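Good morning, colleagues. Please bring up the sequence and the model, and I will take you through a metal site and the strand that contributes to it.

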Amino acid sequence: MKSAKPYIEKNKQRFIDELVELLKIPSISADSAYKKNVLNTAEAVKNQLEKAGCDKVEICETPGYPIVYGEKMIDEKLPTILVYGHYDVQPPDPLDLWNSPPFEPVIKKTELHPEGAIFARGSCDDKGQMYMHVKALEYMTQTDQLPCNVKFMIEGEEEVGSSSLEWFVSRNREKLSNDVILISDTGMIAPDTPSITTGLRGLSYVEVEVTGPNRDLHSGLYGGAVANPINILTKMIASLHDDDNHITIPGFYDDVENLSKEERAKMAEAPFNLENYEKSIGINSVYGEKGYSTNERNSIRPTLDVNGIWGGYIGEGAKTVIASSAFAKISMRLVPNQDWRKITELFKNHFESIAPKGVTVKVKPHHGGQAYVTPIDSLGYKAAEKAYEETFGKTPIPQRSGGSIPIVALFEKELNSKTILMGFGLDSDAIHSPNEHFGIWNYLKGIETIPQFYHFFTELSK
Ligand code: BES
Ligand code: MN
Ligand code: MN
């Protein structure tokens, strides 16, 4: 496969402009007010897949948001790559922390992106990274170099748990059959330190409600004599970790995969600067489970975090009140062998059991998914390694990530194929946060590297 560099150089501005157009549509899957925009985004992705050279593109209806499916089959004897990505984005709030509106993309230089980065919700997660694959296909078809078959499956519900994807995949096994799945929805260590994501954590997401009195009460008249749901909720949450920051839910660690000394030593070889890490997010010290390094804490160890907590009076000034109920949203990141349904059950039983008299507790499970680890001796991994060597001039470092893409474990189960996670974002790209951005250099480097994966995967499959 010839280097895509000259083609990219020639079409660079158009590649950026097209992504900018896509980023202008607020495809927020979590908020039904944006339904029309989410559907329009699916339509836009469909059009671009057609333009890039797919022979067959369709919008597949599901119980939720549609899946855009596209394919270019050149020879059934050749391998087939299935590309997965998502066209939905996270809600942009808090809006006032954005330096420019989240759906009006602007390009600005940053310390880590001296060639400029596109600031917009979804620029890195995942429209920008998904679109690299569309442009890589364009390159291969326009220059007559597509070496194998390709299928695209771009969904619109990833950020809310991919609930329709299982439905779709189990009904379309034949249509989606493939030799390897390729996803760009993760990150890499640094522009001069390419890495391939070899692990994702699982997830159990729950919402809890603690209810006390049947109405909000005067905090003077009743204070001290009734259980205050907010006091109780925070106390219950605090008890979920001990002094060493271990999670206290009985049985929580039972199935946790323990890495060998050798594996942990190998992990520790990846370049990491604690001081820069702390500085980059403005903390004076890291914090976490005793006995584990920062990189272990955020990848190979399970966690429990409150994602949101509310109740009572939060308006201007003071209001003396004991709220009738208090709420929290809690995520648990899981590691290989932990079953998310079992963990959800353990959480529910434990949380209900620690509720004191005077309140009632409800636990509402949201969604979840299994963790994933991919071997580094598979054909797909080797092809990816060679692709990076070709375009970065360096062997990529295998690295387990702390994030979750629950559908990856499901793909393995339903489609029986391995997933290769070729991410080009940086941790500092602020995905899910205000001022999300994606480096132009990273975007173009992705477009350059992907065709090489197609090439090496086809070669190694012979
Ligand atoms: N692309 C992310 C996941 C990710 C990012 C993995 C960076 C590794 C590195 C994905 O869109 C995401 O945000 N997933 C959710 C889970 C989902 C069930 C809502 C997550 O990890 O919180
Ligand atoms: Mn994503
Ligand atoms: Mn995301």
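In this predicted model, the arrangement around the manganese ion (ligand 2) is irregular, because its 6 donor atoms subtend angles of 56 to 166 degrees. An octahedral assignment would require opposite donors to be over 155 degrees apart and all others to fall between 65 and 115.

Which protein atoms serve as donors of the manganese ion (ligand 2)? They are NE2 of H86, an OD atom of D125 and, listed twice, OD of D185, at 2.0 to 2.4 Å from the ion. Along the chain, these donors follow the spacing H-x38-D-x59-D. Distant parts of the chain are thereby linked: H86 belongs to strand β3 (residues 80-86), whereas D125 sits in the loop between β5 (117-119) and α3 (127-142), 39 residues apart. D125 also bridges the manganese ion (ligand 2) and the manganese ion (ligand 3), with 3.6 Å between the two ions. Both H86 and D125 are buried.

Let me turn to β3 itself. Of its 7 residues, 7 are buried, so the strand is largely enclosed by the rest of the structure. In a regular strand, side chains alternate between the two faces of the sheet. Here T80, L82, Y84 and H86 point one way, while I81, V83 and G85 point the other way.

What are the pairing partners of β3? Strand β6 (residues 149-155) runs parallel to β3 and is joined to it by 7 bridges; within β6, V150 is the bridge partner of I81. Strand β7 (residues 180-183) also pairs with β3 in the parallel sense, over 4 bridges, and I183 of β7 stands opposite Y84.

Notes. Residues numbered from 1 in each chain as written. Chains lettered and ligands numbered in written order. Predicted model: local features only at pLDDT ≥ 70, side-chain atom pairs only at ≥ 80, totals over all residues. Heavy atoms only, no water. Donors = N, O, S within 2.8 Å, 3.2 Å for Na, K, Ca; no water. Tetrahedral: all angles 85-135°; square planar, octahedral: opposite > 155°, others 65-115°. Helix = DSSP H or I, 4+ residues; strand = E, 2+ residues; numbered from the N terminus. Buried < 20%, exposed > 50% of the residue type's maximum accessible area, 1.4 Å probe, protein only. Pairing = 2+ DSSP bridges.
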